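Open the structure in your viewer and keep the selection tool ready. The stops below say what to select next and what is there.

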Amino acid sequence: MPTLPIYHFMANGLFSIEFFPPNTPEGVVKLRETRKQFAPIKPGFYSVTFGAGGSTREKTLSTVLEIAGEGNVAAPHISCIGSTQESIGALLETYKQNGINRLVALRGDLPSGMGDIGHFRHADDLVRFIRDTTGNHFHIEVAAYPEYHPQSRFAERDLQAYAHKVKAGADSSITQFFYNADAYFHFVEATKKLGAEVPVVPGIMPFHNYSKIARFADMSGAEMPRWIARKMEGYLDDAASIRAFGLDVITQMCERLLAGGAPGLHFYSMNQSALTLEIWKRLRLAQ
Ligand code: FAD
């Protein structure tokens, strides 16, 4: 695969940053600062997560409206498990009325103790509902799992489930984070063969905090390669070495992904800018 010039990637606008909605007024102020730091690199869009079972519905909405009000493209995540058609329909209408035209559509997970699955069983039901009720108003992203969804027992069924979401009307997808580029390339090939041909944007998780990320990886079914784990663990409290090694590992993986045809990158920023900006700079993505 020939290496494409970097402006090719930027022109496609598939470089994006993910935030979670802040819980406190201080968090809101801090996220504004973070956005100011990201502003010069002009990400294609900022996405904002949605708490399980709709627990951050209002905070996601207010964060998205603030981001859009600053002239950015904002993409709210919407999860459907435990929701009615009416509540999802009302949320879509609110976003439409506020000029939001990009969504990340998810099934989500039911919080423990919340028993009612609601109307939607899987993300493909949500994608179909969004298309049926709002036509082509929204660009719909769905979640992709190069190392398979943790609840899925059979790899082929998980790939089929992804293909169903795409055929239901998704425009592109963002992956769960991973540290194994081969899994991404395999996923793209395998899902193409199933007729799911939309752009698959790798989700990139910098090593904000190694032990926390290792726990996340364990929960979300992402493999932490032994060579990374052993090296990180060996650094003990040496924060400078952890940072330097983490940046090298992620930058090299991103270079490989882009050279191999990945159509962009989506950064799990954890509401912090420093590591993402450094990787962006090393990849020469800055405009
Ligand atoms: P689905 O695509 O519905 O898949 C869930 C499981 O069901 C899989 O095992 C799949 O194989 C199976 N399945 C799917 N469709 C079918 C079908 N038709 N028949 C049978 N089986 C099927 N969580 C949040 O709570 N808030 C967020 O904001 C959020 N953002 C995310 C963003 C990204 C990019 C990613 C990758 C994940 C995100 N998540 C978020 C996590 C996500 O909600 C969980 O992984 C959840 O368990 C699955 O959601 P999904 O949309 O992938 O579900």
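The tour goes through strands, salt bridges, the ligand and two loops. Bear in mind throughout that this is a predicted model.

**Stop 1: strand β3**

Select residues 74-79, which form β3. Is this strand covered or not? It is mostly covered, with six of its six residues buried. Show the side chains: A74, P76 and I78 point one way from β3, while A75, H77 and S79 point the other way. In a regular strand, side chains alternate between the two faces of the sheet.

Next, add strand β2, residues 45-48, which pairs with β3 in the parallel sense over three bridges. To find one place where β2 and β3 meet, pick S47, whose bridge partner in β3 is A75. Now add α3, residues 57-69. Together β2, α3 and β3 make a right-handed β-α-β unit.

**Stop 2: from β3 to β4**

Add strand β4, residues 102-106. β3 and β4 run parallel and are joined by three bridges. On the β3 side select I78, whose bridge partner in β4 is A105. Follow the chain from β3 through helix α4, residues 85-97, to β4; this β-α-β crossover is right-handed.

**Stop 3: strand β5 and its two partners**

Select residues 139-144 for strand β5, where five of the six residues are buried. Which strand does β5 meet through four bridges with R102 in one of the pairs? On that side lies β4, which runs parallel to β5, and R102 has H139 of β5 as its bridge partner.

Then add strand β6, residues 172-177, which pairs with β5 in the parallel sense over four bridges. Here the residues to pick are E141 and its bridge partner in β6, S172. Include helix α6, residues 155-167, to see the right-handed β-α-β unit made by β5, α6 and β6.

**Stop 4: salt bridges**

Side chains of opposite charge can pair when their charged atoms come close. How many salt bridges does a search of the whole structure find? The search finds 13. Three of them are visited here.

Stay with E141 and show the side chain of R102 as well. E141 forms a salt bridge with R102, and the closest N and O atoms are 2.7 Å apart. Because E141 lies in strand β5 and R102 in strand β4, the pair ties together parts that are 39 residues apart in sequence. Both E141 and R102 are buried.

Move to R131 and D171, whose side chains meet in a salt bridge of 2.7 Å, N to O. R131 lies in helix α5 (residues 123-134) and D171 in the loop between α6 and β6, so parts 40 residues apart in sequence are tied together. With a relative accessibility of 15%, R131 counts as buried, whereas D171, at 30%, counts as partly exposed.

The next pair is R35 and E70, with a salt bridge of 2.7 Å, N to O, between their side chains. R35 belongs to helix α2 (residues 25-38) and E70 to the loop between α3 and β3, so this pair ties together parts 35 residues apart in sequence. R35 counts as buried at 4% relative accessibility, and E70 as partly exposed at 41%. Add R32 and E66 to the selection: R32, R35, E66 and E70 are linked in a network of salt bridges.

**Stop 5: the ligand**

Select the ligand and the residues around it. There are 22 of these, and the closest are F50, R107, D109, Y145 and D158. The elements α5, α6 and β6 each supply at least two residues of this shell.

Three polar neighbours are worth a click:

- A123, where a polar backbone atom is 2.8 Å from an oxygen atom of the ligand.
- D124, where an N or O atom of the side chain is 3.5 Å from a nitrogen atom of the ligand.
- H149, where an N or O atom of the side chain is 2.8 Å from an oxygen atom of the ligand.

On its own the ligand has 970 Å² of accessible area, and the protein covers 82% of that.

**Stop 6: two loop residues**

Select S273, in the loop between β8 (265-268) and α11 (274-282). S273 counts as buried, at 8% relative accessibility. Its side chain makes a polar contact of 2.6 Å with the side chain of Q37.

Finish at L14, in the loop between α1 (6-12) and β1 (15-19). L14 is buried, with a relative accessible area of 13%. Now add P202: L14 and P202 are 188 residues apart in sequence, and 10.0 Å apart in space from C-alpha to C-alpha.

Definitions and conventions:
Residues numbered from 1 in each chain as written. Predicted model: local features only at pLDDT ≥ 70, side-chain atom pairs only at ≥ 80, totals over all residues. Heavy atoms only, no water. Buried < 20%, exposed > 50% of the residue type's maximum accessible area, 1.4 Å probe, protein only. Pairing = 2+ DSSP bridges. Right-handed = clockwise from strand over helix to strand, strands pointing away. Salt bridge = Lys/Arg side-chain N within 4 Å of Asp/Glu carboxyl O. Near = heavy atom within 4 Å. Polar contact = N/O pair within 3.5 Å; in protein donor to acceptor, adjacent residues only side chain to side chain. Areas by Shrake-Rupley, 256 points an atom, 1.4 Å probe, with all protein chains shown as cover.
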